[in-house]
Amino acid sequence: MPNISELKESKFITRADVEPPALFTIVGCEKMNVAKEGMKPEYRWALHLQESEKPFIVNRTNQLAIAEITKLDNTDDWPGHKIVLYFDPNVSYAGKLTGGIRARKPQNRAGAPIGQRPTATPPPVAPLADQDVPF
């Protein structure tokens with residue numbers, strides 16, 4: 001049996017596409033009509049991503065996050081940069097907690113942003129006392 005998230009087809013990236021979080025490479029940015037078929041056009045900015053056939057509608061919060069990740073304000077300079085998209089259950093919309101998709105900087109396996117080394121240092125090892133040595 002399909003999950004209910006699979007029953008509703010979307011032409012844009014949804015929660016189901018980013019659970020678990022997924023790494024994407026930005027290909028481009030363009031204004032797209034997000035209105036349902038037969039409705040008055042409603043245009044939003046969308047990112048085209050190399051790893052997905054579906055574009056990602058990028059709201060102001062994510063625009064600012066991606067500008068911070070890439071260190072670039074001009075979306076023409078974003079192609080080639082990598083982002084992680086994930087579902088954040090703490091996103092509010094119209095005063096209600098709805099959850100939403102957020103962008104963050106990719107991290108290496110140690111948890112540090114790509115290109116940086118982990119900043120956490122391991123805890124110090126306590127020296128052994130003579131009575132603790134097993135020989």
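Glu-42 is partly exposed, because its relative accessibility is 36%. This is a predicted model. Glu-42 pairs with Arg-44 in a salt bridge, and their closest N and O atoms are 2.7 Å apart. Arg-44 is also partly exposed, at 39% relative accessibility. Arg-44 falls within strand E2, which spans 43-49.

**Charge pairs**

Side chains of opposite charge can pair when their charged atoms come close. Across the whole structure, a search finds four salt bridges. Three of these are set out below, including the pair already described.

| Salt bridge | N to O distance |
|---|---|
| Arg-15 and Glu-19 | 3.0 Å |
| Glu-42 and Arg-44 | 2.7 Å |
| Lys-71 and Glu-68 | 2.7 Å |

How accessible are the partners? Arg-15 is partly exposed, with a relative accessible area of 44%. Glu-19 is partly exposed too, at 41%. The Lys-71 pair sits further out by category. Lys-71 counts as exposed at 60% relative accessibility, and Glu-68 counts as exposed at 51%. "Further out" above is loose wording: what holds is that Lys-71 and Glu-68 are both in the exposed class.

**A buried arginine without a partner**

Arg-102 lies in strand E7, which covers residues 100-104. Does Arg-102 have a salt bridge or none, and how far away is the nearest side chain of opposite charge? Arg-102 is buried and has no salt bridge. The nearest side chain of opposite charge belongs to Asp-88, 4.6 Å away. A salt bridge needs a nitrogen and a carboxyl oxygen within 4 Å, so this pair does not count as one.

Setting aside residues up to four places away in sequence, Arg-102 touches Asn-59, Thr-61, Asn-62, Val-84, Leu-85, Tyr-86, Asp-88 and Val-91.

Gly-100 is in strand E7 as well. Gly-100 counts as buried, at 14% relative accessibility. Beyond its neighbours within four places in sequence, Gly-100 contacts Tyr-86, Phe-87, Asp-88 and Val-91. Asn-90 is ten residues from Gly-100 in sequence, and their C-alpha atoms are 7.6 Å apart.

**Helix H2**

Helix H2 spans residues 60-70. Its buried residues are Asn-62, Gln-63, Ile-66, Ala-67, Ile-69 and Thr-70. Seen down the axis of H2, these residues fall within an arc of 160°, so they line one face of the helix. Arg-60 and Glu-68, on the other side of H2, are exposed.

What covers the buried residues of H2? The cover includes strands E1 (22-33), E2 (43-49), E3 (56-57), E4 (82-88) and E7. One of the buried residues of H2, Asn-62, is touched by Arg-102.

Both ends of the helix have a local feature. At the N-terminal end, Asn-59 acts as a cap: one of its side-chain oxygens lies 3.3 Å from the backbone nitrogen of Thr-61. Asn-59 is also among the residues touched by Arg-102. Just after H2, Lys-71 takes a positive phi of about 65°.

**Backbone exceptions**

Most residues other than glycine have a negative phi, and most peptide bonds are trans. Some places in this chain depart from that.

Lys-71 is not a glycine, yet its phi is positive. Lys-71 lies in the loop between H2 and E4. The side chain of Lys-71 is the one that forms a salt bridge with Glu-68.

Ala-94 also has a positive phi, near 55°. Ala-94 is found in the loop between strand E5 (92-93) and strand E6 (96-97). At 70% relative accessibility, Ala-94 counts as exposed.

The peptide bond from Glu-19 to Pro-20 is cis, with omega near 5°. Pro-20 is placed in the loop between helix H1 (4-7) and E1. Glu-19 also takes part in the salt bridge with Arg-15.

**The chain as a whole**

The chain has two helices and seven strands. From the N terminus on, the order is α-β-β-β-α-β-β-β-β. Of the 135 residues, 27% are buried. Among contacts between residues at least 6 apart in sequence, 40% join residues at least 24 apart. The accessible surface comes to about 10,300 Å², and 54% of it belongs to carbon and sulfur atoms.

Definitions and conventions:
Residues are numbered from 1 along each chain as its sequence is written. This is a predicted model: local features need pLDDT of at least 70, side-chain atom pairs count only at pLDDT 80 or more; totals for chains, interfaces and linings use all residues. Side-chain values use heavy atoms; hydrogens and water are left out. Helices (H or I, at least four residues) and strands (E, at least two) are DSSP runs, numbered from the N terminus. Buried means under 20% relative accessible area, exposed over 50%, partly exposed in between (1.4 Å probe, protein chains only). Lys and Arg count as positive and Asp and Glu as negative; His and the chain ends are not counted. Contact means heavy atoms within 4.5 Å. The arc is that of the directions from the helix axis to the C-beta atoms. A polar contact is a pair of N or O atoms within 3.5 Å; within protein, one must be able to donate a hydrogen and the other to accept it, and residues adjacent in sequence count only if both atoms are side-chain atoms. Accessible areas come from the Shrake-Rupley method with a 1.4 Å probe; for residues, only the protein chains shown count as cover.
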